[in-house]
Amino acid sequence: MRRSSFRLPLVALALVLGAAGSEAQTQRAVPESRAQVQLSFAPIVRQTAGAVVNVYASRSERRQNAAMEEYFRRFFGDNAPGVPRGRSQSSLGSGVIVDPAGLVITNNHVIENMNEVKVALADRREFEAEILLRDSRTDIAVLKLKNPSNLQAIELGDSEALQVGDIVLAIGNPFGVGQTVTQGIVSALARTQVGISDYQFFIQTDAAINPGNSGGALIDMNGRVVGINTAIYSRSGGSIGIGFAVPSSMVRVVLNSAKGGAKNVVRPWLGARLQPVDGDIATGLGLERPMGVLVTSVYDKGPAAEAGLKRGDAILAVDGQSVDNPDSFGYRFTLKGTQGQAPLTVLRGGKQTTLQVRLMPPPENPLREPVRGRGRTPFAGATLVNMSPAVADELQIEVADDGVVVADLEDRSVAASVGFEKGDQIVAINGERVASTRDAERMINRNSGYWEITISRGGRVFTTVLGR
């Protein structure tokens, strides 16, 4: 669920047209002379600007079969899906070459729903690009240039070493006017509750960034990428000095997944539900102030249960890094990977203890066994899969012991038009409980035209009736 606690509207930056090691020890000092104030950032710009690129994405849509549209209109009445008229879409954003072999980082929203991507370099060369990996949960995508040569790349820095007040440069292509460099400071770290992506843990900067800067680089004074500029808060759509960047530590997780050949980012699974600790809960736990996250339930077959985590425990830190809400926990836990163990600092009964949680990806048990809805049914265009921890994690829904979930929907399909959403759990069809995709397929195939479908969505269960 994407959410925002701010009053200003969030503006995605894509312009739609139609380690703690050596860096942590870097000396920081206030300028002491006029000569120091007049120092230039030009050397850093020369070192990095050639690796910041423009990303052009487009999508052409074909008109669907008009006869099929009329067929469904007769069956479903006014709920029949509309017919696209062969329109095209395009977007413009920025990107960063992070590997001389041609790997480019950009924002997922720059290329979302697009099927053709081109990248233009600062020296005006253009390359077609393949989309290696899209990760909507971090709003990061990885591209691979076709037949690259003589590329300048920027090394990913360590966002964990940043401090509020550090000087940073933002390089991108705002409003499509051409490559632009702006300068500012790190205004805040670990910004959560912003409403940009599922993993909300952002670097806030006052360096001017605007629509078109999406996917551009946030550069530190060592000439390394410490963030990917992603969004701004604005009344007008222009910069007012509140910009957000995905930290390079999270970008590295996505990049490493793409380098390993994965099509999706595999994240560690806790197997527990969490909620923020407010003032009342903090008082009940004996905390001086609200901090950490409260465990509200534990999946009995997951790593949390295996480690001894219990309902009512408060997790205060992941491997010594404090957490203040579920977003910051998700960020810190994800950075630990899917191998080994992660120490969690837990408050239980007024005493702190450390639990070692096994790091593992969510299991796909049972197997998905997908069923695609076809023919004269309200499920036409929907893909149903068996519930599992892996599916629940992917769709960001609560895991259940069994059941069937809508994992995918075709645009303008019958299923989409009648109101199904990704993540819907199909509880029952015509009063009969659905425990697996085999059950669902059998019930769908034998149906004669009347549909009473019970759905669980976001903790709410309701029934809809379709057909005659």
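Is L156 buried or exposed? In this predicted model, L156 is buried, since its relative accessible area of 12% falls under the 20% limit for that class. The residue sits in the loop between β8 and β9. Its C-alpha atom is separated by 10.0 Å from that of A217, a residue 61 positions away along the chain.

With L156 as a starting point, the wider setting can be sketched. The chain holds 11 helices and 27 strands. Of its 468 residues, 49% count as buried. The accessible surface amounts to about 22500 Å², and carbon and sulfur atoms account for 46% of that area.

The loop between β8 (140-145) and β9 (167-172) offers further details. N150 also lies in this loop, and its phi is near 50°, a positive value in a residue other than glycine. N150 counts as exposed because its relative accessibility is 73%, in contrast to L156, which is buried at 12%. A third residue of the loop, E155, forms a salt bridge with R224, with an N to O distance of 3.7 Å between the side chains. The E155 and R224 pair links distant parts of the chain, 69 residues apart, as R224 belongs to the loop between β12 and β13. Both partners count as partly exposed: E155 has a relative accessibility of 48%, and R224 has one of 24%.

The loop that carries R224 also leads to a surface feature. M221 is placed in this stretch, between β12 (217-219) and β13 (225-233). Together with I167 and I185, M221 makes a nonpolar surface patch of about 210 Å². M221 counts as partly exposed because its relative accessibility is 33%, a value that also meets the requirement of over 30% for patch residues.

Two members of that patch, I167 and M221, reappear in the second largest pocket, where they are among the residues nearest the centre, along with Q27, A29 and F41. The volume of this pocket is about 850 Å³, and its lining consists of 25 residues. By character, the lining divides into 13 nonpolar, 6 polar and 6 charged residues. Helices contribute as well: α1 (34-37) and α2 (42-48) each supply at least two residues of the lining.

On the far side of β13 in sequence, I240 is found in the loop between β13 and β14 (243-247). I240 is partly exposed, as its relative accessible area is 44%. Its C-alpha atom lies 7.4 Å from that of A208, although 32 residues part the two in sequence.

Salt bridges also occur elsewhere in the model, and the count comes to 20. One of them joins R457 and D424, whose side chains meet at 2.7 Å, N to O. R457 lies in strand β26 (residues 450-457) and D424 in the loop between α10 (414-417) and β24 (425-429), so this pair ties together parts that are 33 residues apart in sequence. The two partners fall into separate accessibility classes: R457 counts as partly exposed at 21%, whereas D424 is buried with a relative accessible area of 0%. Another group, formed by E432, D439, R442 and R446, is linked in a network of salt bridges.

A further salt bridge is made by E364 and R368, where the closest N and O atoms are 3.1 Å apart. E364 is partly exposed, with a relative accessible area of 36%. Between these two positions in the numbering comes a notable backbone feature: the peptide bond from N365 to P366 is cis, with omega near 10°. P366 is found in the loop between β20 (351-358) and β21 (371-372).

The backbone at D319 also deserves a mention. This residue has a positive phi of about 50° although it is not a glycine, and its place is in the loop between β17 (314-318) and β18 (321-322). D319 is partly exposed because its relative accessible area is 38%, whereas N150, with a positive phi near 50°, counts as exposed at 73%.

Key. Residues are numbered from 1 along each chain as its sequence is written. This is a predicted model: local features need pLDDT of at least 70, side-chain atom pairs count only at pLDDT 80 or more; totals for chains, interfaces and linings use all residues. Side-chain values use heavy atoms; hydrogens and water are left out. Patches are made of residues with over 30% relative accessible area and no salt bridge: like charges are joined within 9 Å, nonpolar side chains (Val, Leu, Ile, Met, Phe, Trp, Tyr) within 5 Å. Accessible areas come from the Shrake-Rupley method with a 1.4 Å probe; for residues, only the protein chains shown count as cover. A salt bridge is a side-chain nitrogen of Lys or Arg within 4 Å of a carboxyl oxygen of Asp or Glu. Helices (H or I, at least four residues) and strands (E, at least two) are DSSP runs, numbered from the N terminus. Buried means under 20% relative accessible area, exposed over 50%, partly exposed in between (1.4 Å probe, protein chains only). On a 1 Å grid over the protein atoms alone, a cavity is a set of points where a 1.4 Å probe fits but cannot get out, and a pocket is an open set with protein on both sides within 12 Å along at least five of seven lines; lining residues have an atom within 4 Å of a point. Grid points are joined across faces, edges and corners, and a volume is the space filled by probe spheres set on the points. Ala, Val, Leu, Ile, Met, Phe, Trp, Tyr, Cys and Pro count as nonpolar, Asp, Glu, Lys and Arg as charged, and the others, Gly among them, as polar.
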